Amino acid sequence: MNEDTGEVVQMTFFEDDTLQRARVRYDWNPYPGRHVNVSKALMTRLYCKDSGYTPKDRDLFFFYLAHSPDAAQPLRLTYKEIGEIIGGRADTISKSLGKLHAGGLLLEAERIGRVIFYRVNPRAAYDGPAVSQVEAVKDARLPVIPPPAAAATKRKKEAS
């Protein structure tokens, strides 16, 4: 607290904000680097057998978590490039991304021609400071499990 004005101020440990961010990163040896805040309740539901997501869908979601840039930036890789890294065909990657987008785990961030780049929904997981996450979730929809297409298929099977 500033005793002269009575204003509550944030303590700073380093003068330069970029220097502070560089020094505060967690060091998870032997693989140091950034960490992501993830909704444990959502991830628990994602791994249920009736979630509507396949193991490949979950692998792709966690690929996005691991490879996305800071904050709510999109991952700018083509389906072919993703398939070369994790294994799989571009059309399979496209279908999984469509399902993850329908369920709200990934959000459309940018279109360049027919190419769509997705970002991780900050309500599911966020890579960045908490203050930025509060801003990022303001326009983000809530993820749903099972995804809408899987829910419709499930209802159709039950009705017949």
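In which helix does D57 lie? The answer is helix α3, and the views below start from the whole predicted model before closing in on that helix.

**Figure 1. Overview of the predicted protein chain.** Seven helices and four strands make up the chain. Along the sequence, they follow the pattern α-β-α-α-α-α-β-β-β-α-α. The chain has 160 residues, and 28% of them count as buried. Contacts with a separation of 6 or more were also tallied by distance along the sequence: residues 24 or more positions apart account for 54% of them. The exposed area is about 11,000 Å². Carbon and sulfur atoms supply 56% of that area.

**Figure 2. Helix α3, residues 55-67.** This helix has 13 residues. From first C-alpha to last, α3 reaches 18 Å, close to the 18 Å expected at 1.5 Å a residue. Its buried residues are D57, R58, L60, F61, F63, Y64 and L65. Three of the residues named here, L60, F63 and Y64, return in Figure 4 as contacts to α4.

**Figure 3. Close-up of D57 in helix α3.** D57 has a relative accessible area of 2%. Buried means under 20%, so D57 is buried. Leaving aside residues up to four places away in sequence, D57 touches G52, S96, K99 and L100.

**Figure 4. The packing of α3 against α4.** The two axes lie 12 Å apart, and the helices pack at an angle of about 100°. Angles of 65 to 115 degrees count as roughly perpendicular, and α3 and α4 are therefore roughly perpendicular to each other. From α3, the contact uses L60, F63 and Y64. From α4, it uses I82, I85 and I86. By class, the contact has six nonpolar residues, no polar and no charged.

**Figure 5. The crossing of α4 and α5.** Helix α4 covers residues 79-86, and helix α5 covers residues 90-102. Their axes come within 8 Å and cross at roughly 100°. Helices α4 and α5 are therefore also roughly perpendicular to each other. On the α4 side, the contact residues are Y79, K80, I82, G83 and I86. They meet A90, I93, S94 and L97 of α5. This contact has six nonpolar, two polar and one charged residues.

**Figure 6. A102 in helix α5.** Is A102 buried or partly exposed? Its relative accessibility is 27%, so A102 counts as partly exposed. Residues up to four places away in sequence are again set aside: A102 then touches R141, V144 and P148. I145 is 43 residues from A102 along the chain, and the two C-alpha atoms are separated by 9.9 Å.

**Figure 7. The cis peptide bond from I145 to P146.** Omega is near 0° at this bond. Most peptide bonds are trans. P146 is found in the loop between α6 (130-136) and α7 (148-159). I145, on the other side of the bond, is the residue paired with A102 in the C-alpha distance of Figure 6.

**Figure 8. K40 in helix α2.** Helix α2 covers residues 40-46. The relative accessible area of K40 is 69%. Exposed means over 50%, so K40 is exposed. A124 is 84 residues from K40 along the chain. The C-alpha atoms of K40 and A124 are separated by 8.9 Å.

Methods:
Residues numbered from 1 in each chain as written. Predicted model: local features only at pLDDT ≥ 70, side-chain atom pairs only at ≥ 80, totals over all residues. Heavy atoms only, no water. Axes fitted to C-alpha atoms, helices over the stretch in contact; angles between N-to-C directions. Helix = DSSP H or I, 4+ residues; strand = E, 2+ residues; numbered from the N terminus. Parallel < 35°, antiparallel > 145°, perpendicular 65-115°, else oblique. Contact = heavy atoms within 4.5 Å. Nonpolar A, V, L, I, M, F, W, Y, C, P; charged D, E, K, R; others polar. Expected span 1.5 Å × (residues − 1). Buried < 20%, exposed > 50% of the residue type's maximum accessible area, 1.4 Å probe, protein only. Areas by Shrake-Rupley, 256 points an atom, 1.4 Å probe, with all protein chains shown as cover.
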